[in-house]
Every structure is written in structure tokens, then in C-alpha cells.
Amino acid sequence: MRVKEKVTGLFALPKEIALNLPLITTTGRDEINIENYKNLVEFTESKIRILTNPGMLTIEGKNLVLKQVTSEHVLITGKIKAIQW
């Protein structure tokens with residue numbers, strides 16, 4: 001186990017903050033919220049690619065819309081078919 005992971009467990013810190021990992025929350029198949037991302041790489045109605053610390057995250061679906069984009073999170077709505085690393 002790496003030092004950061006040990007410290008995270010010892011102090012009960014959220015992993016996404018301590019290890020700079022994305023926090024991905026889905027609401028059914030119609031909404032996905034990604035916190036702690038690096039960059040929005042590609043956006044079409046059928047595919048969105050987002051760069052995160054562990055790698056590229058790809059969301060595929062239909063009628064995908066970037067509902068909200070801030071420096072902290074991206075909110076996507078539409079018919080989500082796949083979430084892939």
C-alpha cells in the first residue's frame with residue numbers, strides 16, 4: 001500500500017481528495033456527474049471524453065448534453081449507454 005493510501009485511511013480522508021481521483025455519480029441512465037476532472041477532451045451528442053488523473057473517461061450515449069461545466073465538476077444528461085476507462 002502506498003503512503004498516500006495509508007494516510008488517507010489513517011485520517012479517514014475521502015480518497016477522491018487525498019489521491020486526486022475523480023468522483024463519478026450516476027443517477028439512473030440519464031445523468032452523470034464527474035468531480036475532480038482535468039480536462040474536457042471531446043464532446044458530441046453520442047460521445048464525451050474527459051481526462052482524469054487515472055486516465056481517459058469515455059461516456060457514450062444518445063442526446064448527450066453538457067448541462068453544467070465548472071472547474072470542479074461536469075454534469076452530463078442524456079441516454080447514457082456506456083462509461084468506459
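In this predicted model, residue N36 is placed in the loop between strands β2 and β3, the latter spanning residues 39-43. The backbone of N36 adopts a positive phi of about 65°, although the residue is not a glycine. Such a value stands out because most residues other than glycine have a negative phi. In terms of solvent accessibility, N36 is partly exposed, its relative accessible area being 28%.

A positive phi is also found at N63, where the angle is about 55° and the residue is, again, not a glycine. Whereas N36 belongs to a loop, N63 lies within a strand, namely β5, which covers residues 55-69.

Salt bridges between side chains were examined next, and the count comes to two. In one of them, the side chains of K79 and D30 meet with a nitrogen-to-oxygen distance of 3.0 Å. K79 is located in strand β6 (residues 73-84), while D30 occupies the loop between β1 (23-27) and β2 (31-35), so this pair ties together parts of the chain that are 49 residues apart in sequence. Both partners fall into the partly exposed class, since that class lies between 20% and 50% relative accessible area: the value for K79 is 49%, and that for D30 is 39%.

The other salt bridge joins E42 and R49, whose closest N and O atoms are 3.3 Å apart. Here, too, the partners are partly exposed, with a relative accessible area of 26% for E42 and of 27% for R49.

A contrasting environment is found at T52, which is part of strand β4, a strand running over residues 47-52. T52 is buried, with a relative accessible area of 1%, and this assignment follows because burial is defined as a relative accessible area under 20%. A polar atom of the T52 side chain lies 2.6 Å from the backbone oxygen of G55. When residues up to four places away in sequence are left out of consideration, the residues touched by T52 are P22, Y37, K38, L57 and W85.

Taken together, these features concern both loops and strands. The loop between β2 and β3 contains N36, the loop between β1 and β2 contributes D30 to the salt bridge with K79 of strand β6, and strand β4 holds T52, a residue that is buried at 1% relative accessible area.

Definitions and conventions
Residues numbered from 1 in each chain as written. Predicted model: local features only at pLDDT ≥ 70, side-chain atom pairs only at ≥ 80, totals over all residues. Heavy atoms only, no water. Salt bridge = Lys/Arg side-chain N within 4 Å of Asp/Glu carboxyl O. Helix = DSSP H or I, 4+ residues; strand = E, 2+ residues; numbered from the N terminus. Buried < 20%, exposed > 50% of the residue type's maximum accessible area, 1.4 Å probe, protein only. Polar contact = N/O pair within 3.5 Å; in protein donor to acceptor, adjacent residues only side chain to side chain. Contact = heavy atoms within 4.5 Å.
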